[in-house]
Each structure stands twice: as structure tokens, then as C-alpha cells.
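Reader: I should like to go through this model with you, one topic at a time. May I begin once it is on the screen?

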Amino acid sequence: MEAVVKFLNPLLGLFMAPLLLGVISRTKAVFAGRNGQPILQPYHDLWKLLRKGVVYSRCTSWIFRAGPLVGLAAAVAALLLVPFGGQPAAISFEGDLLVFAYLLGLWRFFTVLMALDTASSFEGMGASREVIFSALAEPALLIGLATAAKFTGHVSLSQIFAGLNTDAWLTAGPALLLTGTAILIVFLAENSRIPIDDPNTHLELTMIHEVMILDHSGPDLGCILYAAALKLWLLGMLFIGIMVPCRSGNVLLDGAVTMLSMLGLAVLVGIIESSMARLRLLHVPVFLIGAIALSVLALMLVMR
Amino acid sequence: MPLANTITIFNCRPLEIGQIPVLDIAVFRNTIIDAVANGQRIAALFAAPTHDQRFFLYALLADDNAGELYVLSAETADTYPALTPDCPQAHLFEREIAEQWAIKPLSHPWLKPVRFHPGYRPGRDAWNRKAGESILPCVTDFYTVVGEEIHEVAVGPVHAGIIEPGHFRFQCHGENVLHLEISLGYQHRGVERAVCGGPNKRTLPYMQTLAGDTTIGHTTAYSHLVESLGQTPTSPRAESLRGIALELERLANHTGGLGALAGDIGYLPTASFCGRIRGDFLNLTALLCGNRFGRGLIQPGGVRFDVTSPLSITFLDRFYRFQKDVTVAVELLWNTPSVLARFEEAGALTPQICRELGLVGVPARACGLEMDCRYNFPAGVYRFSHIPVSTWHSGDVFARAYVRWLEIQKSIAFIIDQMNMLPEGPVITATKPLIPNRLCVSLVEGWRGEICHIGITDSQGIFRHYKIVDPSFHNWTGLAMALRNQQISDFPLCNKSFDLSYCGHDL
């Protein structure tokens, strides 16, 4: 049974991740008074991109072509490490939380390289912004995970999340709340959502993540978008793992609660995007440093 | 108070060509420089040939405080001392003169083509380009900043969004913009030249498509001009309907603009609702004349469609609903801190720069300058119904957005007023032929700002020269200045807050 669950979790992520994007769009549409696109539209988009041809600029190298695949591979590998709610992940070992963080790092590294590879001034700007902001998001994530690790006494994601049950919330509620908030900010920043970035903008000068993939097309773009959906799923799972302490031991119940929470998170993102404007780019670091401060505070609370 | 060396001219009142003082070029130059230093503004500066190929420079000066207009002229040779070094707001006009007529303003600091078209005088060119040499738009020298840490970003002419073509060059230090240079001309069609020899059947459609979103503004300016030159009386009812159409155009564009500003900062509610409400206002224009942009509504002599009383009831019924909608949608902007944080202090201009560059319309009023043709140089219905000038003091994106909101409110009140008490009478009268040898100025406050049409008739009573100054022509430089020391990521926001026309500039 446990083996099946371990195997099912990543599969669930692979299939359900684009659904979150659909839910976010639908929420935003409702707030804007529109009917919105079908909830399954992201799947259609991916399918459409996979059937298209690809255009490569003559001045790009193998890095430009490798980038999307490396990103997708990193995302799938990370998916194997992250537990679904309290359920153990497919692979878990001591210190896998660092591997998780740096799989995201590797992915970002290649995204930045492939953006620089095009020698476009836009993509260069996007790369520079991405690097600055993720350099600030990364400590917030790592310190947040360290808080959870310190509290549960484990350094493997599966064990940490198994330990974050209702009792944990009763003893260290404030610390977990702070960590969860920090992770939420990281989640918004890493997934280029409002208030840090605007995934729907067409204004190349204001983009952060989107501008780095302007030159990609067809299946390559499909890979990137799919990997981005997986990232939404991965970081969302971290957030839900902390904030929703449903660890009844009943696999079906826990799984259902986690899945519903994920959809709830998508709705929450939609609400955030519908109710506030983007930050001025200059103020994004301040926001992210706020996330770091929250994680540090949480860490201090559990170390007390 | 009359200005020395000039003659006072009134909006929509023709002047005999012979009455315009012809000055020595040095006196011409000094008069303009002194007038601008004393707070006046160059509304138009252009060169016009006579039938025997002599060239005259004409300048139209506007004194917004006094509500006076002055004209002066000078005969010029193929070169003349440039005004620009002493009067920056002449710079684009002088480049235009050089491009069109190969009349070179000497010691112009940055003499480059404006619209990248061959000159109008065969065999002569201000840049000594050969006849028949292909001229590519925006292939020219750009201002560059050099240094290890400087990078150049070129945007356009093809943009990611659906906007008109224009080329923008940023000199950046990191995210900081040191300088922005804007180069346009992709949409040059040669309208001014095509109008010469008119008015004929084609003239009105040209005016309707000068800038697609300002159809009412430009056709009103043109119609006023033709009516004045022909001394055709128009009925008060027609003028009221023109006023209603002009304010509807302002409402639609201001609402759309505020929505687009919200969209640029990712604030969805206002973006979505204003997009729809803009369409609602356009549909009201369609209710009046069958076309959302008001094409075919206004023509010399009056308007082509009357408003029956059931129509006005339907109109007002819908209008009250849209008034509520737009109020709710726009008030959200001022009540959302994250929106204000983006708007405030972004792309700020000082009144000083505004005056030096001769900006008009919303950007000028957002700096606290009280200028509005409806108030300073009223024509048509605005002679009888005044609209207060809306200003704000901070000069930033917020000010430009807020002035547009103030204007929305005033336009709404104006339309309700006019619709409720439309004068009786016919809506159209037959036009008469134009009087020969006259110069006439027609100013209309379009939604972007001052629209200036100047027509000169020859001895046959047809247009010998026609000059159009769209507000965008004045204001593009303002956008470039507003971007200095701003974040490059704020450019779309600043650009949208100016909301300028590409084809209105390119003509």
C-alpha cells in the first residue's frame, strides 16, 4: 500500500499541476466579472504547444535547447522528493530538503543561462531580475525549511511533514504560521505571481520570468510552461504541508484534504491577484526580505 | 494685450494673409523666443511655400492665461538660425521643417528626420540624401551613453501588445533609465499634403482617420475651420451634438486609459471593468451615428444625424448606468494602497519642464498648468457652456490618472446637461465656398489635448497649405523626459499615462 502511495504522489502532481493554473485563471475571471477560460485550458495549451514546430535563433547554442529539458527534469526530480500532505515522498533521505532547494536552483541557473544565450537585452534584464529576487527568496525558503526541521528534529522532507500534525500546531502554532507565510511569499515570487511578477502581462519591460522565455517556442515552450506548473505544485505542496496539518493516517482522507487544500491555494492566489497591484520592481527585494525576516523569527521561536 | 510684431488671431476666425506681419528672420526668431520666455507657447510652427516657390515660416503663439493667439511670419532662405537652442519647444517643429522643405535650421542641436519621408522639394534635402535613395524609418543616429556598465535596450517597432509601431531606445544603468529616445514615423501617410488642393470628397475621411481614437476631435477641428473660412453658420443644435460627441470620445478614451493603467500594474478589477465601460461609451457614440468612433457624424456644416427625443431618452437611460459603473470601477483605484504606491512619484514632470517643452493636454494639466482649449480658446458649444479646467499639482502618473478621472466627471455632467436641453433647429446647413487668401486657426481640446488645424487658402479659395498639430506631437518629448532616472520597468506605466498617438504624430 505504501509503495503504491509513494508511486501515486508524483503521478498526481504530473497530472494535476496544470489544473491549478486553470483554477487561478478561473478565480481571476470570476473577480473580473468574466466567464473566463475553461478550467482545463492549460492542458489544451500544452497539447497545442507540443504539436507545434520550433524556431531556434541562429545565434543560440545548445544551452538554449537544453534549458527547457533540464528544467523539466529538475521539476520531475523535485516532485519525487516532496511529500503529498503527510504521505511519504517517493524518495526520501537525510538532507533531501537541500537537494530539493538546489534542484530548483539548478533549474533557475539553466533558465538564466538560456536567457543570456539569446543575447537579447530584454532577456538579459529578466535574467538579472530573476537572479536578484531568487537570491532573496532562497534564504527565506531554506530558513523556513530549517525551522520545520529544527522543530520536528528531522532533516528529510518526508519525515518533517509527517511530524507537522495538529499537535505541532498546538505547541508551535506561531512559528509554523510565520514559516507558512514566508513560504507563501516564496511561492508567489518563485511562480512569478502578483505582487512580484505578473504572469499575464504583455509588457516585456516589466516582466521577470516571462521575459526570459520570450525566444522559446513550440514543444520547448511547452516544456517550460509545464515545468512552471510543476513548480507551482511543488511549492504549493510545501505551503499546504505546513499549513494544513491533516495527518489522520487514513491515506484517502489525508490525500483528499491535501488535494482540496491545493485547489484552495489556487483560489487564494487568484484572490490575491484580483485584489492588489504589482509591487514596483524596486520594492520587491523589500518584500522578499520581509519573508526572510518572518522565517528567521520563526526559527528563533522554535530554537527558544 | 497685443504682442509686438504679431497680429492677434481668434480661434475659428479667418485672417487675411496680407494682414500677417512678415518679419525679418532675426526679429521673427527673437519675438518667439521672448514670447515663450514670457510664458507663451508655440502651438504651431511651420513653413509654407507660395505659388512662386518662396518660403514663409509661420508661427502660432498661444497665451493660455490671456486666452490670446498670435500669428507671425517671416520669409526664409534655405537656411535660417534655429530657434531650438534658445527655445527647446521648437525642436520638433524645426526638424519637421527641415525634413519637409529642406530648410535647414542652423545650429539645431539634434537635427534628424521626424517621419523619415522624402522631402517635398525635388532635388533638395536637408541631409543631402540622394533622390530615390530609400529612407528607412528610424534608421538614424541615436543618442548613446557609453561605458562598461551601460546597456542599451531597444523596444519596437513590433511590440508584444497590440499597439501602434514606434521605436524606443533606452540607455540604462542597471534598471535605471538615463535617457530615452523615441523615434516614430512608421505610420506617415502624408495627410497634410493630401489635403492641400481641397477640400474635396476625400478630405473628410482623411480627417476621420488622422488618429483613429480622436475621430471626433479632428473632424470637429476641420469642420470648424471650413465653416469659418466659408462663413457657414452652424446651428446651436449641431454644435451641442458635436460637444456631446467630443465629450463621449473623451469619456471612452479616459475610461479605457485608466483601465489600461490598472492593467499595466496588474490590478485586475479596474482593468476588466474599465475595458468594458469604454466599450459602453463607444456604443453610445454608435447610438448617435452608427459608428463607435464617430466616423460620419461630424462634417462641415453640422452633424449628419439628429437626436430624436426617444433616442435621447434611451441615451440618457444607458448613460446614467455607465456613470455609476465607471465611478465604482475608478474609485477602486484611489482606494487601493498598492495601486497608489505604483502611481505616485512615477514619471514625474515639473511644471518648469512642462513649460519649456510646450506640453499640452492632460500631462500639462497634471503639472498644475491651467490650459484647456475648451476654456482658453472656446469654439462651438464651449462658448456657451463652460467646462472647468481640471488640474493636479504633482505631475506624476497619479496626477495624469487623476486629472483624467476629474475630466471624466466633468464630461459626464456636461453631456447630461447638453442632452437635457438640446437647442431646437436643424442639424446641418449647406457649406459655402472658402474665402480666398485667408489663414484660419481651429483649436479643439481633444481628449489628449490641444488639436490645432491651420488652413491657408489661395486665390481660388482652395487649401494652399494645411497644417495639423496633434497633441501627441507636443507631448512625446515629455514622455522621454519623464522617464529620466526612472525604473525601466515603469516605462509601460508612464507611457500609458501619457497615452499618446503614433499616427497622430506621424500624420
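Reader: In chain B, what share of the contacts with a separation of 6 or more joins residues 24 or more positions apart?

Author: The share is 68% in chain B, where a contact means that two C-beta atoms, placed from the backbone, lie within 7 Å. Please note that this is a predicted model, in which local features need pLDDT of at least 70, side-chain atom pairs count only at pLDDT 80 or more, and totals for chains, interfaces and linings use all residues. Residues are numbered from 1 along each chain as its sequence is written, and chains are lettered from A and ligands numbered from 1 in the order in which they are written.

Reader: How many helices and strands does chain B have?

Author: Chain B has 16 helices and 16 strands; these are DSSP runs numbered from the N terminus, with helices being H or I of at least four residues and strands E of at least two.

Reader: What radius of gyration does chain B have?

Author: The value is 22 Å, which agrees with the figure near 23 Å for a compact globule of 507 residues. The radius is taken over C-alpha atoms, and the globule rule is 2.2 Å times the number of residues to the power 0.38.

Reader: Is B:Val195 buried or exposed?

Author: B:Val195 counts as buried because it has 23 C-beta neighbours inside 10 Å. The cut-offs are 20 or more other C-beta atoms within 10 Å for buried, 12 or fewer for exposed, and partly exposed in between, with C-beta atoms placed from the backbone. In chain B, buried residues make up 55% of the 507.

Reader: Which residues does B:Val195 touch, leaving out those up to four places away in sequence?

Author: They are B:Thr203, B:Tyr206, B:Phe463 and B:Tyr466. B:Val195 itself lies in helix 3 (residues 191-195) of chain B. Its C-alpha atom is 8.1 Å from that of B:His465, 270 residues apart along the chain.

Reader: Turning to the interface, how many residues does each chain bring to the contact?

Author: Chain B gives 26 residues and chain A gives 25. On the chain B side, the largest share, five residues, comes from strand 9.

Reader: And in chain A, at what angle do helix 5 and helix 7 pack?

Author: Helix 5 (residues 121-152) and helix 7 (residues 166-190) of chain A pack at about 160 degrees, with their axes 9 Å apart. Axes are lines fitted to C-alpha atoms, for helices over the stretch in contact, and angles run from 0 to 180 degrees between N-to-C directions.
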